[in-house]
Amino acid sequence: MALNSYEQARLRLAIFADLEIMMDRNGGYASRDELVNFEIEGKRLGLIDYSRGIRNPIEFDSTLSVVTSAESPYSDNVGDDGLLRYSMRSGDPVGGDNRKLRVAMETRTPIILFEKLKPNVYVPSIPAFVIDEIRSERYFLIAAGEAAWPGSLATPEDEIAKRYVEQVVKRRVHQPVFRARVMIAYQRTCAVCRLAHPELLDAAHIVPDSNERGVARVNNGLALCKIHHAAFDRNLMGISPDYVVHVSGELLRESGGTMLKHAIQDMHNVGLSLPASAENYPSREALDFRFSTFIH
Ligand SMILES: [Zn+2]
């Protein structure tokens, strides 16, 4: 039985919060079992359906999640506007599963967008919004990330603002997938110090994603712990194209404290821990480009 609207909103936000915590611990992705058997407040409430790409729990008037799978590559379904084209369920466009997805659109209710990267690897984007439907072509338009809040997309005042929003949406849509891919490639381990705690790791871009070359591919990524990510981003630590870690001369000359000694100085001239598969190795070209900005 559906809950009252206050209870629905409260429960939905509690699910988002617990899922975020799970993602933090897991390194940004979850298995099918973890999602099907998800528990909230002591009760099982699956976040994905056993067999369908949409989850419409009886407790909610609107859809809780949709799954887009790697068999139909996500990027192929994303238009230049950064929005996902999500095909309507077969059958009646106003009935069945489509009905609750439309309610999510009309009430601007946030949903979870899962990308199934490969069997048993699901990456959530929270929140996502159903922002429009193209009934003649039988698809819904879905935007992911906070920037996708319908208010910011509905009637952009001018073309520049619209383009900016689209870029932000595009980047946000790709960020969770990027993180999961990098975490999987590096087996949830810092490439510099081998710390293996996903909740302390980031997926760092080699070429920053504000740069047009900073594409969200694994080869432009590194799994780095928070301290090494920060040091890398600020060019206090560099990684040369031959996969060697360099610490800036400024930090090498300093003294004081175990953090400085063990976490920073001892990493100078250490070889990078590389992914198991060579196809996921960091791009030498990207490292070269980035290393040119490192101050020795
Ligand atoms: Zn580290």
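**A zinc site and a buried threonine**

Cys193 has a relative accessible area of 29% and is therefore partly exposed, a label for values between buried (under 20%) and exposed (over 50%), computed with a 1.4 Å probe on protein chains only. The model is predicted, so local features need pLDDT of at least 70 and side-chain atom pairs count only at pLDDT 80 or more, while totals for chains, interfaces and linings use all residues. Residues are numbered from 1 along each chain as its sequence is written, and side-chain values use heavy atoms, with hydrogens and water left out.

Cys193 (SG) is one of the protein donors of the zinc ion, together with Cys190 (SG), Cys225 (SG) and His228 (ND1), which lie 2.1 to 2.3 Å from the ion; donors are N, O and S atoms within 2.8 Å of the metal (3.2 Å for Na, K and Ca). Because the 4 donor atoms subtend angles of 93 to 118° around the zinc ion, the arrangement is tetrahedral, a term for four donors with all angles between 85 and 135 degrees. Cys193, in the loop between α6 (159-185) and β9 (201-205), and His228, in helix α7 (residues 226-233), link distant parts of the chain, 35 residues apart. His228 has a relative accessible area of 1% and is therefore buried.

Elsewhere, Thr63 is found in the loop between β3 (54-55) and β4 (65-69), and it counts as buried because its relative accessibility is 0%. Leaving aside neighbours within four places in sequence, Thr63 is in contact (heavy atoms within 4.5 Å) with residues including Arg12, Asp97 and Ile111.

Technical notes
Helices (H or I, at least four residues) and strands (E, at least two) are DSSP runs, numbered from the N terminus. Four donors count as tetrahedral if all angles lie between 85 and 135 degrees; four count as square planar and six as octahedral if opposite donors are over 155 degrees apart and all others between 65 and 115; anything else is irregular.
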